[in-house]
Structures are given as structure tokens and as C-alpha cells.
Amino acid sequence: MKLTGVELIHVSMPLVSPFRTSFGTQVTRDLLLLRVVTDEGEGWGECVTMPDPVYSSEYVAGAADVLRRFLVPALAASGPLDASRVATVLAPFKGHRMAKAALEMGVLDAELRAEGRSFARELGAVHDRVPCGVSVGIMDSIPALLDAVGGYIDEGYVRIKLKIEPGWDVAPVRAVRERFGDDVLLQVDANTAYTLADARHLARLDPFELLLIEQPLEEEDILGHADLARQITTPICLDESITSAQSTAAAIRLGACEVVNIKPGRVGGYLESRRIHDVCVANGVPVWCGGMLETGIGRAANVALAALPGFTMPGDTSASDRYYRTDITEPFVLDAGTLTVPTGPGIGVLPVPELLAEVTTHTEWLTV
Ligand SMILES: CC(=O)N[C@@H](Cc1ccc2ccccc2c1)C(=O)O
Ligand SMILES: [Mg+2]
């Protein structure tokens, strides 16, 4: 398979409602899609960067630049395309895992479509459908939060995740427990908003029997999470800190996490995601699939990944309408709390051209 070129497609999609986290409030999702064109057909990749480097160090314009000047030229110069070699070809360029993940995803999709093989089969999926959780933002009031949570439970979501930050943590968790009871699967995500000095405060969440607390401390603070784990009983899950199979093994060995959130964009792709899954399974650490408000393109691949055996906890693979009134692919619709794993070649979905055109702000063709 030979690379003909890559089209960068900048997309801006309005969110159905503002999504507030400890790092800010989003009202639209501005992201980058890659259309990888080869002599044997096309493949699609989704770059999950945000416009600003507030979730991680990557951001949309930076990803476009590193793809344009370094990653795509290197891939083009590396000879015949082979998805299993993309990470090696791109390794000389440090970091930029979300940009690398998008390019590898596009090559893998093209390769698998040409072979008539699905992501699910390539990655080793063992389920036909995956149970879905939902991520609930920080709200203006407790009543508003309870309305939102009640709505998601009515829609069938099997797990509720609440975004928290200092000043919005114990009270919302207590209110959800009091309203919806102890049987609701409930977890929280701080997106690095706390420090080890908050340990005693975070221990006040212990009585609420949460499944986990996600990324309470900053990305680099692996030892801090290990120290925190000795001061609270709520299991710690890492998100931003998990960047590779190697860093996952280190975090587990250091006692920094009991659960892992796997996000293909954050770790450099779906192949590294499978390696992280394997490391976690070997260590008895449950994993779940995180979300970056992907379009149906990334969502399709995430649902396939979430069907691997070690994904034993519901992830943030929510339905398309959690974030978008209109997705750019056929929408993913919740069915009895689950999403169905795509079975078609590659990621199994394609953008609907007129829907993609409506949300495309600009495109750039990278010749090779
Ligand atoms: C579903 C979920 O909570 N995702 C991320 C945080 C997040 C939140 C908001 C976002 C807005 C635009 C792009 C990416 C975003 C990622 C997380 O688990 O930490
Ligand atoms: Mg998170």
C-alpha cells in the first residue's frame, strides 16, 4: 500500500450543551479529521486535540503543523505503508501522541478496509456490544446536576461520571447518592485539579463508595498519586498520566493507580492502546475506554477497542447525541445501555459527505 496524500479536515461541531470541567467550559468541539489516501483506498483518522493545550500539551494547530512538517513527510518517505510500523517511523519525533494516533488510525483504517477486516477483529474484540457510561460536567447548581443525571439514567446509561473540582466535589456526590441511591455506578473525574495537600478533603468522598476517582493530581505526579492512594480508600484511576504501555507499567508498579482509563489519542494510537490493555490485564488492573468527545469516526474505533476482554468497566463511549445534535456519521444510538460494535471493514463507518461539509471550517491537502 502506497501513500498518495493526507487531507487535514478542520471540523467545528456545536455541543448540545456546554461541557464544563476543571480546565474550562466547551461549547463547541473543534477537531481535526484525517483522510488518508492510498493507492488501495482511503482511511479515516480522528485527532482528538482541543484548540487550546488545556487538557494536555497538544492542541489543534500544533497537531496540524507537526503532521504537515514532520509526520506525513516521514511516513511518505518510509516506503510501503504498514500500520504496525507507523509508530516506529514516527518515533524520531518526540511527543505529539494525538497527532501520531490520528495518522496511524487513518493508515490502519485504509489497510483494514482494503483487507475487508474490522477494527474489532484486528484489535481482538470479544464482545458484540459494550455497556456505556456518561461523563457529566460541572453544573451551575445541584438541582441542575440532578436533572442532568436523572435524564442520563432514564436514557439507560449504566454508569455516571461527575466532573469535580475544588468547591464542587463532596456536595454534588452526596446529592447524587441521596437522590439516586447507592446502587448507581458512580465515579468522579478531577482532570488534575487537586494536590496532595487535598488528601484529607478527598478522603471525604470515601463514604460514597465511588468506583474510582480519576486523575486527581497533575499528569507528572505519579508518586503523588501513590501517596494519595495510601490516604483515601476510593480507588485511583489515571487518565492524563497514562501515555504508553511503559508508563502504565510504572504507574501500576508504583501503586499510583488501581484502574486505567485508556484513550487511544492520548497514548499514540489503537495499537498502543491494545498494548496498555494487555499490561493492565496481566496486572489484574481493570480498564475502561475514555472519551474526547469524538465524532462518529473516533467513536466507532473506540467502541471496537472497548470490546476487548480487559475493558471490564463501562467507559465514556456515550451515544452521539450526548454531545451532538447531528453527528457526521450515522449516529451511535444507545440500546439498553449499550452501543453495538461496528462489524464493517476498517472502522466500519464513513462520514456522510453533506453532514461533514456542514461542519468543515477548512481543509488542507498534504501532498507527498
Ligand atoms: C468525556 C470526558 O470527560 N473526557 C475527558 C475530558 C474532556 C472534557 C471535555 C472535552 C471537550 C472537548 C474536547 C475534549 C474534552 C475532554 C476526560 O475523561 O478527562
Ligand atoms: Mg478524564
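**Exercise 1.** Which ligand has an oxygen atom 2.9 Å from an N or O atom in the side chain of Ser-135?

*Solution.* Start with the ground rules. This is a predicted model, in which local features need pLDDT of at least 70, side-chain atom pairs count only at pLDDT 80 or more, and totals for chains, interfaces and linings use all residues. Residues are numbered from 1 along each chain as its sequence is written, ligands are numbered from 1 in the order in which they are written, and side-chain values use heavy atoms, without hydrogens and water.

Now look at Ser-135: its side-chain N or O atom is 2.9 Å from an oxygen atom of ligand 1. Next, turn to the lysines. The side chain of Lys-161 places an N or O atom 2.9 Å from an oxygen atom of ligand 1, and a polar side-chain atom of Lys-163 lies 2.8 Å from one. The protein covers 100% of the 440 Å² of accessible area (Shrake-Rupley method, 1.4 Å probe) that ligand 1 has on its own.

**Exercise 2.** Describe the shell around ligand 1.

*Solution.* First, count: 20 residues surround ligand 1, each with a heavy atom within 4 Å of it. Then sort them: 7 are nonpolar, 5 polar and 8 charged, with Asp, Glu, Lys and Arg counted as charged and Gly among the polar ones.

**Exercise 3.** Why does ligand 1 lie between domain 1 and domain 2?

*Solution.* Domain 1 (3–116 + 350–367) and domain 2 (121–340) both give residues to its shell, so ligand 1 lies between them; the bounds come from an automatic or database domain assignment.

Note on methods
Polar contact = N/O pair within 3.5 Å; in protein donor to acceptor, adjacent residues only side chain to side chain.
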